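User: I would like to learn how to read burial and polar contacts in a protein model. Could you take me through it step by step?

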Amino acid sequence: MSTLTLSESGAPVSPAVSPTAQAVTGVEALLIVGTLRTGTSLALVDAALKRGLTVTIITAPDDVARDIFPSEVRIVPLEPDAPTVLAWIETHCTLDGLRITTTNERYARLAAHLATTLDLAGPDEALVSRYIEKSNQKQLFSDAGVDTPPAQRWRVGTFKEHVRLSGTDLQFPLVIKPVEGLSSYGVALCSNLAELEQTLVAQSSGTSDAQAILVEQYIAGPEYCVEFFDGQYVGAMLKRKAKGNQFIERGYSSDLDLDDSVLATLISACKRAVQASGLIWGPVHIDCIVSGGKPHLVEVNARIAGSFICTIVRDAYGFDIVGALLDKLDGKPVQVPDTFRPHRYACVEFFLDDDPPLWNFTQGGRVHSDWLTISYGPQVIPARERRAFLYTTNHPPSRHS
């Protein structure tokens, strides 16, 4: 079954295949280590192909995204460990003209390591590895003097002892999340001790006793995504979440609903964190909750953002993160504009499994007028309970004249 048949531009995409291995020699090539079934992955692949790059996606055998990308994209299932991937690169690629990146937090450390080992452009490997772990991010925020929800780092195998020792000192509601994780996977809101224990028991199933989890104080308020490139702010958007305790993505919008002073404070806090982290190569994605007019940074990710976030930044703020990333991988300079508020409206809505059956698209399409463009289509991501998307942006007539 095809899970996604529409690119972000609204054009249909053909099913992907996994051709037999062949050497990538004498050509400009993009190697994406891990990807997602989201808008950004498609936009990155589409932009690379338009630049004449060959595109190969290396991903774990249990993470292969089929029937999504154009047929010329090669998908290689490999265990995501450095020796295995480096051996494949040595056999099938030449370093001249090779670029390596990722769109998936699960592979960020590996992608940075590969680029460093092969002396290719990319973010600082040591910094990416350090800030993959959310407990290190908490320390970063503290060192940078920005607010963040208080949290404790527990081990899966000893969580019952943590609960016993903490006892009545636990202040509910609490948020449970993996120390290393992707998007909202494995994140849950617990309103009482019974829910906390139930969640921890469920998350400990099939995992190592040494695996770490973060138990974080819940901060009520709207959540925002704040995007940086080369250490500079390029845009923010409001994140909508589905009801319930799993923080499932419902959509994103450039309609921030923040006054200028709060927006300036939000940008300033995020910039301090980015500068303190040293993550000033390429894209950085930050999640933040605004409560009582004060920003509380939740996490920072040294990778390109997914789920149409880059497309919203492009349409609402005028900065193409995808194109800028490809330029950085080419070693080209990137001019980052000075921006504050969005210039245009752009939003994406995701239709989820619990939505009415008619809230769905089994085929993709595009509706365009002089002032408005709407793209829609299926986007089936079971782990996010997602089945379709609807993307809307306004623009002046001259844009398409």
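Analyst: We start with the chain and then turn to two residues. This is a predicted model, in which local features need pLDDT of at least 70 and side-chain atom pairs count only at pLDDT 80 or more, while totals for chains, interfaces and linings use all residues. Residues are numbered from 1 along each chain as its sequence is written, and side-chain values use heavy atoms, with hydrogens and water left out.

User: How many residues of the chain count as buried, as a percentage?

Analyst: Buried means under 20% relative accessible area, exposed over 50%, and partly exposed in between, with a 1.4 Å probe and protein chains only. Of the 401 residues in this chain, 54% are buried.

User: Where is Thr102, and is Thr102 buried or exposed?

Analyst: Helices (H or I, at least four residues) and strands (E, at least two) are DSSP runs, numbered from the N terminus. Thr102 sits in the loop between β4 (98-101) and α3 (108-117), and with a relative accessible area of 6% Thr102 is buried.

User: Which polar partners does the side chain of Thr102 have?

Analyst: A polar contact is a pair of N or O atoms within 3.5 Å; within protein, one must be able to donate a hydrogen and the other to accept it, and residues adjacent in sequence count only if both atoms are side-chain atoms. A polar atom of the Thr102 side chain lies 3.4 Å from the backbone oxygen of Gly34, and the side chain also reaches the backbone nitrogen of Asn104 at 3.1 Å.

User: What does the side chain of His395 contact?

Analyst: His395, in the segment after β17 (386-394), is buried at 1% relative accessibility, and its side chain makes a polar contact of 2.8 Å with the side chain of Thr373.
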